[in-house]
Amino acid sequence: MARVQILQPAEVGQQGGGVGAVHGAEALVRWNHPVRGNIAPDSFITIAEETGNIRELTEWTLERALADRATLARLGHELIISVNISGRLLADRGFCDHVHAMVLGRDHGLCLEITETAVIENPTVATVSIAAFRAAGLKVSIDDYGVGLSSLSYLKMLDADELKIDKSLVTAVAESQRDRLILKSTIDLAHSLGMSVVAEGVETAEVQAALSLLGCDAIQGYLISRPVPLADLTDFLSAWGQAPRLAAVG
Ligand code: C2E
Ligand code: CA
Ligand code: CA
């Protein structure tokens, strides 16, 4: 299987409307099929999970993320690279040991994104794995918050670094006062538990402004950039550093 990793940058906001900086990027894998071209992960991740290939795929993605991060660092861009971890790998002792060995003694700058659903499905396994990853110096983000049975009481249980709010909750923020209130209490609770909050799927400046008022720490979405190959990301980062905020978004 020919695999391609693309990266989507995330911008960290500054309260008070200052200039934002790109602080990280999410690794989003693509399958480069000889006939069908680039295939999005929604079409093959589930198959990889069901056919027992997800561990190999994820280990490849982590290695690639480390290599891409090193390339970016050499060019002067120190980014955190976030990698999606399938929920079922949290119970795979061999995988967890492999990740620990991979980052041991390295300036790795990796963040593992674990979906809220994976945590809800098996809270005991998830909390043990999350604690072990964090003890090894990895950052942990709770992904897709708002897709499943989002419950503020789950947040209490989770000792993670970051909460990533799903697009479905994010998009609604510009439209409804009720959604803004829900998001505000989620952001406040996450902050009081020591987590930073990232909103994903931000497509408009209007949504970005609403999120900024609610105290959201960072945004990710087409407003900043679509997911791009590494070479395009380096061009993007250079332009971002020189241009006024959002001028590089195109
Ligand atoms: P995700 O982790 O929620 O990743 C964000 C998805 O939203 C990506 O879709 C990204 O391209 C898309 N996106 C980002 N900003 C915007 C926006 O402003 N508007 C819209 N409409 N979409 C936006 P993508 O790349 O197709 O990935 C889909 C899902 O596949 C990911 O959702 C993730 O769950 C999974 N995935 C991707 N790469 C991997 C991987 O290496 N391992 C695993 N286990 N899952 C992966
Ligand atoms: Ca993700
Ligand atoms: Ca997500």
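Biologist: How are the donor residues of the calcium ion (ligand 2) spaced in sequence?

Modeller: This is a predicted model. In it, the donors of the calcium ion (ligand 2) follow the spacing E-x57-N-x28-E-x29-D.

Biologist: Which residues are those, and which atoms do they use?

Modeller: The protein donors are Glu26 through OE, Asn84 through OD1, Glu113 through OE and Asp143 through OD. They lie 2.1 to 2.3 Å from the ion.

Biologist: Where do Glu113 and Asp143 sit in the fold?

Modeller: Glu113 is in strand β5, residues 110–115, and Asp143 is in strand β6, so the pair ties together parts that are 30 residues apart in sequence.

Biologist: What does Asp143 bridge?

Modeller: Asp143 coordinates both the calcium ion (ligand 2) and the calcium ion (ligand 3). The two ions are 3.8 Å apart.

Biologist: And what are the protein donors of the calcium ion (ligand 3)?

Modeller: Asp143 (OD), Asp144 (OD) and Glu200, which is listed twice with OE. Their distances from the ion run from 2.0 to 2.9 Å. The sequence spacing for this site is D-D-x55-E.

Biologist: Changing topic: where does ligand 1 sit?

Modeller: Ligand 1 occupies the largest pocket. A total of 21 residues surround it, and the closest are Gln8, Arg30, Asn84, Glu203 and Tyr222.

Biologist: Asn84 again. How far is its side chain from an oxygen atom of ligand 1?

Modeller: An N or O atom in the Asn84 side chain is 3.0 Å from an oxygen atom of ligand 1. Asn84 is also a donor to the calcium ion (ligand 2), through OD1.

Biologist: What about Arg30 and Val29?

Modeller: Arg30 places a polar side-chain atom 2.9 Å from an oxygen atom of ligand 1. Val29 uses its backbone: an N or O atom there lies 3.2 Å from a nitrogen atom of the ligand.

Biologist: How much of ligand 1 does the protein bury?

Modeller: The protein buries 83% of the 810 Å² that ligand 1 exposes when taken alone.

Biologist: Which strand gives the largest share of the shell?

Modeller: That is β2, with 4 residues. Strands β2 (21–33) and β6 (139–145) each supply at least two.

Biologist: How do the shell residues divide into nonpolar, polar and charged?

Modeller: The shell around ligand 1 has 7 nonpolar, 6 polar and 8 charged residues.

Notes:
Residues are numbered from 1 along each chain as its sequence is written. Chains are lettered from A and ligands numbered from 1 in the order in which they are written. This is a predicted model: local features need pLDDT of at least 70, side-chain atom pairs count only at pLDDT 80 or more; totals for chains, interfaces and linings use all residues. Side-chain values use heavy atoms; hydrogens and water are left out. A residue is near a molecule or strand if one of its heavy atoms lies within 4 Å of it. A polar contact is a pair of N or O atoms within 3.5 Å; within protein, one must be able to donate a hydrogen and the other to accept it, and residues adjacent in sequence count only if both atoms are side-chain atoms. Accessible areas come from the Shrake-Rupley method with a 1.4 Å probe; for residues, only the protein chains shown count as cover. On a 1 Å grid over the protein atoms alone, a cavity is a set of points where a 1.4 Å probe fits but cannot get out, and a pocket is an open set with protein on both sides within 12 Å along at least five of seven lines; lining residues have an atom within 4 Å of a point. A molecule sits in a cavity or pocket if more than half of its atoms lie within 2 Å of its grid points. Ala, Val, Leu, Ile, Met, Phe, Trp, Tyr, Cys and Pro count as nonpolar, Asp, Glu, Lys and Arg as charged, and the others, Gly among them, as polar. Donors are N, O and S atoms within 2.8 Å of the metal (3.2 Å for Na, K and Ca); water is not among the atoms, so sites may look incomplete.
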